[in-house]
Amino acid sequence: MNRNTISALSQKEAEIVARLSYEEKDIVTAKELDSYLPADFQYRRKLVYSLKRKRILIPIKGGIYIFVPLDAVPTGRRVSEFLIPPVFFPQNDYYIGYSTMFNYYNFTDQQFQTVYVLNTRISRERTIAGLSFKFTKIPSKRMYGLEKIDIKGRKVIVSSKERTLVDLIYFNKPVGGIEAASEILERFVKEKKCDIKKLVEYTVQFSNIKTRKRIGLILEKAQVSDSVLKPLEKSVKDTSLISFSNSRKGTKNEKWRVIINDPQ
């Protein structure tokens, strides 16, 4: 316990900190703080400013704060990164995805430092409580294949495992490129660690044709049956040739309309 911080608290600050600690708050709003104070209390702004200066409250956005218990003040507190995005998207028009979920589903042992928040409204980067967030705007038609998970009693929207595998092939740079991403997808399919029919369904829905072709080729290599792959094959029929790994030299695969230019 940080005795210097404790001694620096006013009586009212100490009462607020004790209440937030007892209720095990991670995130607190100005409205909640008001509910802890007497109706005639006139110095909420000054009190909040003081708690911010003492690093007990860390702003997320206007009127919403991360609460740092006293025993965590000396080193700072890392609130779960999953709890921050819902603050910015109260209408649930977001999902946590890309490399954040690559870690969550154990696609790789790499630890990624940026939290990707896909949404339909904003594109920007923010650092909050030492965590790096990248808000990435996407078309509403790509907001599918999502699910809610429970983080410390709160519901958070994330990409499902199968949707994350689609995103992995589309956004493959964090794991080292398309070859590394392909190996991960093939391994998950062969080891039956995903719902293959759902994976195909989500791939067919995905707007990027190159991603659909790459996944079709990978799934065929993983010995997924033609009957399961039929909808995906149909979705890329009569389209122009693409390169699997960005070289125009190689063998043409007419079924998937792909130039195979690496050891597949």
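Two strands count as paired here when DSSP finds at least two bridges between them. Keep in mind that this is a predicted model. My notes follow.

1. Strands 4 and 5. With that definition in hand, strand 4 (residues 94–97) and strand 5 (residues 114–119) qualify comfortably: they pair in the antiparallel sense over four bridges. Tyr95 of strand 4 sits opposite Leu118 in strand 5. As for the side chains, in a regular strand they alternate between the two faces of the sheet. In strand 4, Tyr94 and Ile96 point one way while Tyr95 and Gly97 point the other, and all are buried.

2. The 1-3-2 sheet. Here three strands make an open sheet, ordered 1-3-2 with antiparallel pairing. Strand 1 (27–29) and strand 2 (57–61) take the edges; each has a single partner strand, so one side of each has no neighbour in the sheet. From one strand to the next, the twist averages 35 degrees. Strand 2 joins strand 3 (residues 64–67) over four bridges, again antiparallel, and Leu57 faces Phe67 of strand 3 across that pairing. Have a look at helix 4 (residues 44–53) too: helix 4 lies across strand 2 and strand 3, running at about 105 degrees to strand 2.

3. The cores. Which residues touch the most other members of the largest nonpolar core? They are Ile60, Val156 and Leu219, in a core of 67 residues. Helix 8 (residues 178–190) is the element that gives the most to this core, with six residues. A separate core of 16 residues lies apart from it, with Val17, Leu33, Tyr36 and Leu51 among its members.

4. Ile60 up close. Setting aside neighbours within four places in sequence, Ile60 is in contact with Ile27, Tyr65, Ile66, Ile84, Val87, Phe88, Arg126 and Ile128. Ile60 falls within strand 2 (57–61), and Ile27 within strand 1 (27–29). Ile128, also on that contact list, turns up again in the next point.

5. The strand 6–7 hairpin. Strand 6 (residues 124–128) and strand 7 (residues 131–137) run antiparallel and are joined by five bridges. Ile128 has Leu131 of strand 7 as its bridge partner. The two strands form a hairpin with two residues between them. If you check the backbone in the turn, Ala129 has a positive phi of about 50 degrees.

6. Helix 9 against helix 11. The axes of helix 9 and helix 11 (residues 226–236) come within 9 Å and cross at roughly 10 degrees. That crossing angle is why helix 9 is described as roughly parallel to helix 11, given that angles under 35 degrees count as such. On the helix 9 side, the residues that meet helix 11 are Ile196, Lys197, Val200, Thr203 and Val204. Across from them, helix 11 supplies Val228, Leu229, Pro231, Leu232 and Ser235.

7. Asn208. This residue is found in the loop between helix 9 (196–205) and helix 10 (209–221). What does the side chain of Asn208 reach at 2.8 Å? At that distance is the backbone nitrogen of Thr211. A polar atom of the Asn208 side chain also lies 3.3 Å from the backbone nitrogen of Lys210. Asn208 counts as partly exposed because its relative accessible area is 25%, and burial would need a value under 20%. Further along the chain, Lys237 is 29 residues away from Asn208, with 14 Å between their C-alpha atoms.

8. Thr239. Is this one buried or exposed? Thr239 is buried, since its relative accessible area is 17%, under the 20% cut-off. Thr239 lies in the loop between helix 11 and strand 10. Beyond residues up to four places away in sequence, Thr239 touches Lys213 and Arg257. With Lys213 there is a polar contact, side chain to side chain, at 2.8 Å.

9. The 10-12-11 sheet. Another open sheet has three strands, ordered 10-12-11, and its pairing is mixed. The edges belong to strand 10 (242–243) and strand 11 (251–253); each has a single partner strand, so one side of each goes without a neighbour in the sheet. Strand 10 runs parallel to strand 12 (residues 258–260), and two bridges join them. Ile242 of strand 10 stands opposite Val258 in strand 12.

Notes: Residues are numbered from 1 along each chain as its sequence is written. This is a predicted model: local features need pLDDT of at least 70, side-chain atom pairs count only at pLDDT 80 or more; totals for chains, interfaces and linings use all residues. Side-chain values use heavy atoms; hydrogens and water are left out. A nonpolar core is a set of buried Ala, Val, Leu, Ile, Met, Phe, Trp, Tyr and Cys residues joined through side-chain atoms within 4.5 Å. Buried means under 20% relative accessible area, exposed over 50%, partly exposed in between (1.4 Å probe, protein chains only). Contact means heavy atoms within 4.5 Å. A polar contact is a pair of N or O atoms within 3.5 Å; within protein, one must be able to donate a hydrogen and the other to accept it, and residues adjacent in sequence count only if both atoms are side-chain atoms. Axes are lines fitted to C-alpha atoms, for helices over the stretch in contact, and angles run from 0 to 180 degrees between N-to-C directions. Angles under 35 degrees count as roughly parallel, over 145 as roughly antiparallel, 65 to 115 as roughly perpendicular and the rest as oblique.
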